[in-house]
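Biologist: Please take a close look at one side chain and what surrounds it. Then place it in the rest of the chain, with the numbers.

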Amino acid sequence: MREEAGTKDAGAALAVRFGSADRFQVSGEIAAPALPGARSLVLLAGETVVGRLAAPVTPGGEASVPFRIPVEEAAAVEEGGSLALALEGEGGRRVLGTAPVRSRVAGALDRCNEALVRGWAANLNCPDQPLEVEILLNGQSQGFVVANRRRSDLERMDKALAATAFLFKFARPLDLPRGETAVITARIRGTGIELGNSPWWIARAYESLPLLAG
């Protein structure tokens with residue numbers, strides 16, 4: 001959705017402090033005096049609204065208020081670009097500041113077969129916010145799965161990653177004709193970011209006999 005980006009005043013930069021900004025969320029703190037009269041916080045990629053959140057309630061005596069806004073249209077956000085944060089109210093829209101987009105994603109496939117796809121995926125900027133993973137078979141989407149399952153091996157690696165696993169099950173086990181290729185691809189939803197070990201071949205076709213000797 002394209003809308004007017006809004007205006008930015010000279011004191012706006014003092015009103016927001018960004019913690020992180022990536023293709024999935026933007027977080028930080030807003031100075032409490034900037035919030036009265038605001039109905040919502042808006043994320044903008046250029047003139048496109050990619051996220052929106054009701055303006056937080058200002059606690060009495062607090063100098064600043066934390067925020068985290070999910071990005072609803074990751075495909076509209078360019079890595080290395082920027083996202084603008086604006087306040088929206090009766091007086092229109094006021095841009096508080098911009099933050100560079102720097103995504104930090106980790107994850108991998110660790111098991112694939114005719115029945116399931118298993119792995120993990122995490123946004124290292126905020127591992128507690130689960131990512132969605134798209135599963136493809138020979139380039140055709142099979143569905144999506146949320147990476148929010150707990151796994152003890154991930155917890156041993158890093159406690160922040162404890163609940164970032166996923167398990168995708170096909171509606172029915174794949175019927176793979178002999179001699180045909182079957183390859184699984186896993187990528188973060190709305191992006192071209194592929195997980196480690198992707199693509200994963202569960203069957204390979206050979207045009208000729210693979211000789212090992214002679």
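Modeller: A polar contact here is a pair of N or O atoms within 3.5 Å, and within protein one of them must be able to donate a hydrogen and the other to accept it. On that basis, the side chains of Glu134 and Ser141 form a polar contact of 2.8 Å. The model is a predicted one, and every value below is computed from it.

Glu134 belongs to strand S10, which covers residues 132-137. Its relative accessible area is 10%, and Glu134 is therefore buried, the limit being under 20%. Setting aside residues up to four places away in sequence, Glu134 touches Ser141, Gly143 and Phe144, and also Thr185, Ala186, Arg187 and Arg189. Some of these contacts can be placed by element: strand S11 runs over 140-146, and strand S13 over 182-188. Ser141, the polar partner of Glu134, is thus also one of its contacts in the list.

Between S10 and S11 there is a loop, and Asn138 sits in it. Asn138 has a phi near 50°, which is positive although the residue is not a glycine. Most residues other than glycine have a negative phi, and most peptide bonds are trans. With a relative accessible area of 40%, Asn138 is partly exposed, whereas Glu134 is buried.

The loop between S13 and strand S14 (200-203) holds two further backbone features. Asn197 lies in that loop and has a positive phi of about 70°, again without being a glycine. Its relative accessible area is 48%, which makes Asn197 partly exposed. Pro199 is placed in the loop between S13 and S14, and the peptide bond leading to it from Ser198 is cis, with omega near 5°.

A second acidic side chain is useful for comparison. Asp22 is in the loop between strand S1 (16-21) and strand S2 (25-31). Its relative accessibility is 0%, so Asp22 counts as buried. One polar atom of the Asp22 side chain lies 2.9 Å from the backbone nitrogen of Gln25, and a polar contact of 3.0 Å links the side chains of Asp22 and Asn123. Beyond its neighbours up to four places away in sequence, Asp22 touches Val71, Leu83, Val101, Arg102, Ser103, Asn123 and Asn125. Between Asp22 and Ala213, which are 191 residues apart along the chain, the C-alpha separation is 51 Å.

Thr164 gives another buried case, with a relative accessible area of 1%. Thr164 is found in the loop between helix H1 (152-157) and strand S12 (165-169). A polar atom of the Thr164 side chain lies 2.8 Å from the backbone oxygen of Leu161. Outside four places in sequence, the contacts of Thr164 include Trp120, Ala121, Ala122 and Pro127, along with Arg149 and Leu154.

Pro100 differs in burial: it is in strand S7 (residues 92-100), and at 41% relative accessibility it counts as partly exposed. Apart from its neighbours within four places in sequence, Pro100 is in contact with Ala21, Gly81 and Ser82. Pro100 and Gly81 are 19 residues apart in sequence but 5.8 Å apart in space, C-alpha to C-alpha.

Next, the largest pocket, which holds about 310 Å³ of space. Its lining has 16 residues, and those nearest the pocket centre are Phe24, Val71, Pro130, Leu131 and Glu132. Val71 is also one of the contacts of Asp22. By class, the lining divides into eight nonpolar, four polar and four charged residues.

As for the whole chain, its secondary structure comes to one helix and 14 strands. Of the 214 residues, 42% count as buried, with Glu134, Asp22 and Thr164 among the buried ones. Among contacts between residues at least 6 apart in sequence, 59% join residues at least 24 apart. The radius of gyration is 22 Å, while a compact globule of 214 residues would have one near 17 Å. Along the principal axes, the C-alpha atoms fill a box of roughly 75 × 35 × 35 Å.

To return to the side chain at the start: Glu134 is a buried residue of S10, with a 2.8 Å polar contact to the side chain of Ser141.

Conventions: Residues are numbered from 1 along each chain as its sequence is written. This is a predicted model: local features need pLDDT of at least 70, side-chain atom pairs count only at pLDDT 80 or more; totals for chains, interfaces and linings use all residues. Side-chain values use heavy atoms; hydrogens and water are left out. On a 1 Å grid over the protein atoms alone, a cavity is a set of points where a 1.4 Å probe fits but cannot get out, and a pocket is an open set with protein on both sides within 12 Å along at least five of seven lines; lining residues have an atom within 4 Å of a point. Grid points are joined across faces, edges and corners, and a volume is the space filled by probe spheres set on the points. Ala, Val, Leu, Ile, Met, Phe, Trp, Tyr, Cys and Pro count as nonpolar, Asp, Glu, Lys and Arg as charged, and the others, Gly among them, as polar. Helices (H or I, at least four residues) and strands (E, at least two) are DSSP runs, numbered from the N terminus. Buried means under 20% relative accessible area, exposed over 50%, partly exposed in between (1.4 Å probe, protein chains only). Contact means heavy atoms within 4.5 Å. The radius of gyration is taken over C-alpha atoms; the globule rule is 2.2 Å times the number of residues to the power 0.38.
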